[in-house]
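Colleague: Could you take me slowly through the packing of the buried interior in this model, with some attention to the aromatic rings and to any charged groups that sit among them?

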Amino acid sequence: MITPPDRTPLPREFFDRPVLDVAPDLLGRTLVRTTPDGPITVRLTEVEAYDGPNDPGSHAYRGRTARNGVMFGSPGHVYVYFTYGMWFCMNLVCGPEGRASAVLLRAGEVLEGADLARKRRLSARNDKDLAKGPARLATALGVDRALDGTDVCESGETPLRVLTGTPAASDQVLNGPRTGVAGDGGVHPWRFWIANDPTVSPYRAHVPRRRSS
């Protein structure tokens, strides 16, 4: 059996590059989540790059911790974190081992398994809203900290894989400020998205959270 080119898993070499090269190149690629009930396939439409020690917005900016340890490992692994006490978000580790850069997966179009995604995203207004935002994407795919460290470059039926898909044309790739990132980390124009795609999340500037009295 010959695997169609667009269904070929991305090799580790794809991720073993500078994060600002990997991030826009992920647009149009296919993320596959294997579940007991069947696969959920998402075409990536929005991502955000984080460049470790050079980036105040990165979880790895101040060094290695128990939370971000996967970021310091081999490229092509999943870094999952918990945020605001409610949501999980997923990233793909890039660059050489020890460098700690990663791409946050912000949004995508559900191509397969929308019925499974809907069960996890009951508040979604329509299918374009299923994975429109990083927490929504992780929720739709059933991603949590149990998948932290998953190797997306392994062959076979692994929990998460990234396939070649159909890369977005370079003239359709836009970039701008990150969404909801504070301070010096918020000024980098390292959010990348496919122009005019309805699954891309809206830009929101950072709004400081009020502390409870």
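Modeller: Phe-15 is a good place to begin in this predicted model, because its relative accessibility of 0% is under the 20% limit and it therefore counts as buried. Its sequence neighbour Phe-14 is buried as well, with a relative accessible area of 8%, and the two rings form an edge-to-face aromatic pair, with 5.1 Å from centre to centre and 75 degrees between the planes. Phe-14 also has a charged group over its face, since Arg-17 lies there at 4.6 Å from the ring centre.

From this pair we can move to the core. Phe-15 is among the residues that touch the most other members of the largest nonpolar core, which has 40 residues, and Leu-26, Leu-31, Met-90, Val-103 and Leu-105 share that position. In soluble globular proteins, nonpolar side chains tend to be buried together. Strand E2, which covers residues 38-50, supplies the largest share of this core, namely five residues. Leu-26 shows how parts of the chain come together: leaving out residues up to four places away in sequence, Leu-26 touches both Phe-14 and Phe-15, along with Leu-10, Leu-44, Val-47, Leu-92, Val-103, Leu-105 and Val-162. A second core, separate from the one just described, has 14 residues, including Tyr-81, Ala-102, Leu-104 and Val-181.

Strand E2 also holds a charged residue, Glu-46, and Glu-46 is buried, with a relative accessible area of 0%. Its side chain makes a polar contact of 2.9 Å with the side chain of Arg-106. Apart from neighbours within four places in sequence, the residues in contact with Glu-46 include Leu-27, Leu-104, Leu-105, Ala-107, Phe-192, Trp-193 and Val-200, and also Arg-106, Arg-191 and Ser-201.

Returning to the rings, the count of aromatic pairs comes to three, and one of them, besides the pair we began with, joins Phe-82 and Phe-88, whose ring centres are 4.7 Å apart and whose planes meet at 40 degrees, so that this pair is tilted. Phe-82 is partly exposed, at 39% relative accessibility, and Phe-88 is partly exposed too, with a relative accessible area of 24%. Finally, another arginine sits over a ring, for Arg-178 lies over the face of Tyr-50 at 4.0 Å from the ring centre.

Notes:
Residues are numbered from 1 along each chain as its sequence is written. This is a predicted model: local features need pLDDT of at least 70, side-chain atom pairs count only at pLDDT 80 or more; totals for chains, interfaces and linings use all residues. Side-chain values use heavy atoms; hydrogens and water are left out. A nonpolar core is a set of buried Ala, Val, Leu, Ile, Met, Phe, Trp, Tyr and Cys residues joined through side-chain atoms within 4.5 Å. Buried means under 20% relative accessible area, exposed over 50%, partly exposed in between (1.4 Å probe, protein chains only). Helices (H or I, at least four residues) and strands (E, at least two) are DSSP runs, numbered from the N terminus. Contact means heavy atoms within 4.5 Å. A polar contact is a pair of N or O atoms within 3.5 Å; within protein, one must be able to donate a hydrogen and the other to accept it, and residues adjacent in sequence count only if both atoms are side-chain atoms. Rings of Phe, Tyr and Trp (its six-membered ring) pair if their centres lie within 6.5 Å; planes under 30 degrees apart count as stacked, over 60 as edge-to-face and the rest as tilted. A charge sits over a ring if NZ of Lys or CZ of Arg is within 6 Å of the ring centre and within 35 degrees of the ring normal.
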